[in-house]
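Reader: I have a model open and a pile of questions about the words people use for it. Can we go through them together?
Author: Sure, bring it up and ask away.

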Amino acid sequence: MSTVYNLKREAEKPARLTGGHRLCAGCGAGIVVSGVLRALDKEDRAVVVNATSCLEVSTFMYPYTAYMDSYIHSAFENSAATCSGVIAAYNALKRRGKVEGTVKFITFGGDGGTYDIGLQSLSGAMERGHDMVYVCYDNEAYMNTGIQRSSSTPHFARTTTTPVGSVGQGKKQNKKDLTEILVAHNIPYIAQTAPIGNFKDLHTKSYKAIYTKGPCFLNVLSPCPRGWDYPTEKLAEVAMLAVDTCVWPLYEVEEGVWRLTYIPKKKLPVEDFLRLQGRFRHMFQKGNEWMIEEAQAYVDQKWERLLERTGA
Amino acid sequence: MNNCLSGNEAVAYAIKQINPDVMGAFPITPSTEIPQYVAQYVADGEVNTEYVTVESEHSSMSVCIAAQAAGARSVCATSSCGLALMYEVLYVAASCRLPITLACVNRALSGPININNDHSDSMGARDTGWIQIYAENNQEAYDNFLMAVPIGEAPSVRLPVMTCMDGFITSHAVENIELMETDVVRKFIREYNPENYLLKKENPLAVGPYDVSPYYMEHKVLEAEAMKAAKARILEVTAEFEKISGRHYGLFEEYRMEDAELALVLIGSSAGTAKAAVDKLREDGIKAGLVKIRVFRPFPSEELARALAGTKAVAVMDKSEGFSANGGPLFAETRSALYDLKERPYLIDIVFGLGGRDVNTEDIEKLFGRLANIAVTGEIGPVYTHMGQRSKEEKA
Ligand SMILES: Cc1ncc(C[n+]2csc(CCOP(=O)(O)OP(=O)(O)O)c2C)c(N)n1
Ligand code: SF4
Ligand SMILES: [Mg+2]
């Protein structure tokens with residue numbers, strides 16, 4: 001198969017996440033999941049593992065599954081352990097001649113299920129070295145339970161547990177850098193990506209993650225029109241702005257080598273990304289200019305560090 | 001084969017003979033030796049089990065759930081806080097109808113932290129949808145683990161099974177036990193060939209849905225029906241097991257109950273002590289007897305009522321507190337079982353042995369003394385008391 005990315009060819013593959021699921025209109029999660037699954041070679045089977053989340057309740061509501069492949073959901077915090085169990089079964093049954101063909105193992109967890117409650121299970125699975133891809137679709141809050149903050153929620157963002165009021169100004173802390181935590185696990189492949197443009201970045205990284213032996217991790221920004229409070233039709237624009245402002249840089253770490261996969265032609269000011277979203281609205285009130293300055297300074301500092309690391 | 005083994009080694013040996021596809025392994029006293037023995041079997045090539053050294057018991061049970069759903073026979077072992085940490089996913093295992101086998105080596109729950117035996121861990125999991133079978137001694141620990149596999153995997157059941165033994169008392173004490181030949185074991189447990197599983201090529205499967213109210217209750221009723229069906233299956237398997245081992249098991253064991261007027265109902269290794277006390281009392285002409293519950297889930301309600309129907313006074317001995325302010329869990333079940341009898345014996349509850357507190361034959365004899373008194377006077381006194389605690393006046 002040609003390794004040159006061709007959107008048309010990829011789009012012609014039969015969808016592995018079918019329509020008819022119940023994700024909100026304009027939800028990034030469905031695009032991320034179908035984009036990742038599309039990277040599977042046609043002839044390969046997969047078992048999809050999912051943590052409790054918007055994605056889970058929307059794609060496998062009894063008696064309908066949106067997945068063409070086998071799928072398992074067990075709980076919120078154990079998706080990486082669950083995937084470990086499926087792989088253990090695969091290895092055992094393979095050894096005993098009870099299963100044929102190539103099966104790939106892909107886990108999807110939200111940021112809550114990955115940065116927070118499932119971090120231990122994820123860390124354990126990565127350390128043990130199971131041949132899986134763990135995909136965090138990061139919408140920066142607990143959306144399924146109604147937009148509560150997670151450790152992935154960015155500084156100043158308004159959520160239902162970090163509300164804005166006469167004293168409160170949204171989330172007090174910065175976003176946890178989970179991708180770097182995964183880098184510290186010394187696994188073969190880690191990447192940060194987003195559903196932008198013709199999905200080449202998402203596709204290429206998914207393909208690498210799926211077909212690299214050993215545990216691989218993808219952190220995929222997954223805009224949520226409800227939680228981020230932007231008009232549904234602006235999904236592509238919001239995702240693109242996250243990348244062009246360097247709020248969400250696209251990079252990969254392959255066998256310990258850091259590489260930027262996208263350098264914005266013109267690094268846009270962070271406020272271009274913030275302005276589109278209701279969750280940051282209070283930052284634009286008079287007297288709150290310091291918030292935007294702080295947000296910009298944080299992004300700049302992280303970006304500089306990333307440039308150093310990647311030697312770009 | 002006659003062998004001298006600890007309870008833990010006996011269960012590990014059963015695992016070796018089963019050679020399960022997958023084992024989730026995490027240490028906690030007093031069950032730690034079980035995964036340790038199995039690790040050595042793996043290292044020595046005596047089993048080809050996929051041995052997953054997880055980072056917590058929550059993950060250990062999660063691995064077993066996923067592996068079993070994927071088509072593999074899975075086992076694990078734990079105790080106390082480890083079982084408590086699994087609590088959430090124990091329900092997932094049962095509701096997905098996955099016949100995992102778990103060895104629970106009973107230990108008190110924190111807090112305060114205590115490593116010795118009582119039944120608070122598995123009693124806390126009694127309503128999770130798992131079958132629970134308790135052992136009195138090493139032989140039973142071994143036999144129960146082997147029987148658990150064909151019980152849980154039967155199409156009429158398809159439920160996970162927890163085999164319980166008393167921490168240290170059974171798990172660490174070395175006893176002479178009878179082991180079966182491995183080929184006999186293999187024939188008895190059969191190959192695991194589930195009808196549907198994640199890795200089945202012809203038919204992808206989705207497990208663990210978001211279940212809405214028009215379906216959830218139907219699914220729960222199916223699970224409840226499976227638990228009811230388990231009783232018949234357990235008796236089928238014990239009968240089959242008797243043929244190959246010569247050892248007879250029922251839902252519970254009745255000890256000198258034929259004409260008993262005073263009886264105890266209890267679970268686990270304390271049955272040994274109680275039997276000695278019963279023998280002694282019988283020598284003195286007292287009609288004492290004992291019912292040792294083996295299968296707690298499904299609870300053998302009608303059978304127990306029948307066994308106790310002729311008695312005058314019964315003491316239930318609960319090795320866990322329960323904090324219902326109304327007696328322990330075994331008491332609640334027993335009292336409920338007796339409700340439909342036309343003539344009911346007097347019934348009291350004794351909570352005992354918490355956190356490894358010893359109970360000896362004199363304690364039990366004294367308890368029978370109290371029962372004799374109740375039978376004559378009809379005066380029950382306090383219905384629910386604790387045995388052997390030092391701070392209060394001992395009432396039992
Ligand atoms: C142990 C446990 N705690 C809490 C919940 C409730 N819960 C379900 S989904 C969810 C939030 C999921 O957030 P995330 O992982 O970010 O996914 P999202 O819904 O945002 O896509 C929570 C809190 C649960 N199901 N289990
Ligand atoms: S709430 Fe957000 S993440 Fe959840 S389905 Fe809707 S858009 Fe998607
Ligand atoms: Mg989220």
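**Ligands and sheet, term by term**

Author: This is a predicted model. Let's start with ligand 2: its shell has six nonpolar residues, one polar and one charged.

Reader: Which residues are around ligand 2?
Author: They are A:Leu23, A:Cys24, A:Cys27, A:Cys54, A:Asn139, A:Cys224, A:Pro225 and A:Arg226. Cys, Leu and Pro count as nonpolar and Arg as charged, while Asn falls among the polar ones.

Reader: What makes an atom a donor to the magnesium ion (ligand 3)?
Author: The cut-off is 2.8 Å from the metal. A:Asp111 (OD), A:Asn139 (OD1) and A:Ala141 (O) sit at 1.9 to 2.1 Å, so they count as donors. Along the chain, the donors follow the spacing D-x27-N-x1-A.

Reader: Are A:Asn139 and A:Ala141 buried or exposed?
Author: Both are buried, which means under 20% relative accessible area.

Reader: What is the strand order in the open sheet of nine strands?
Author: The order is β10(A)-β9(A)-β7(A)-β8(A)-β6(A)-β5(A)-β1(A)-β4(A)-β9(B), with mixed pairing.

Reader: Why do β10 of chain A and β9 of chain B stand at the edges?
Author: Each has a single partner strand, so one side of each is left without a neighbour in the sheet.

Reader: How do you know that β6 and β8 of chain A pair?
Author: Pairing takes at least two bridges. Strands β6 (residues 133-138) and β8 (residues 216-221) of chain A have six, in the parallel sense, so they count as paired. A:Asp138 stands opposite A:Leu221 in β8(A).

Terms used
Residues numbered from 1 in each chain as written. Chains lettered and ligands numbered in written order. Predicted model: local features only at pLDDT ≥ 70, side-chain atom pairs only at ≥ 80, totals over all residues. Heavy atoms only, no water. Near = heavy atom within 4 Å. Donors = N, O, S within 2.8 Å, 3.2 Å for Na, K, Ca; no water. Buried < 20%, exposed > 50% of the residue type's maximum accessible area, 1.4 Å probe, protein only. Helix = DSSP H or I, 4+ residues; strand = E, 2+ residues; numbered from the N terminus.
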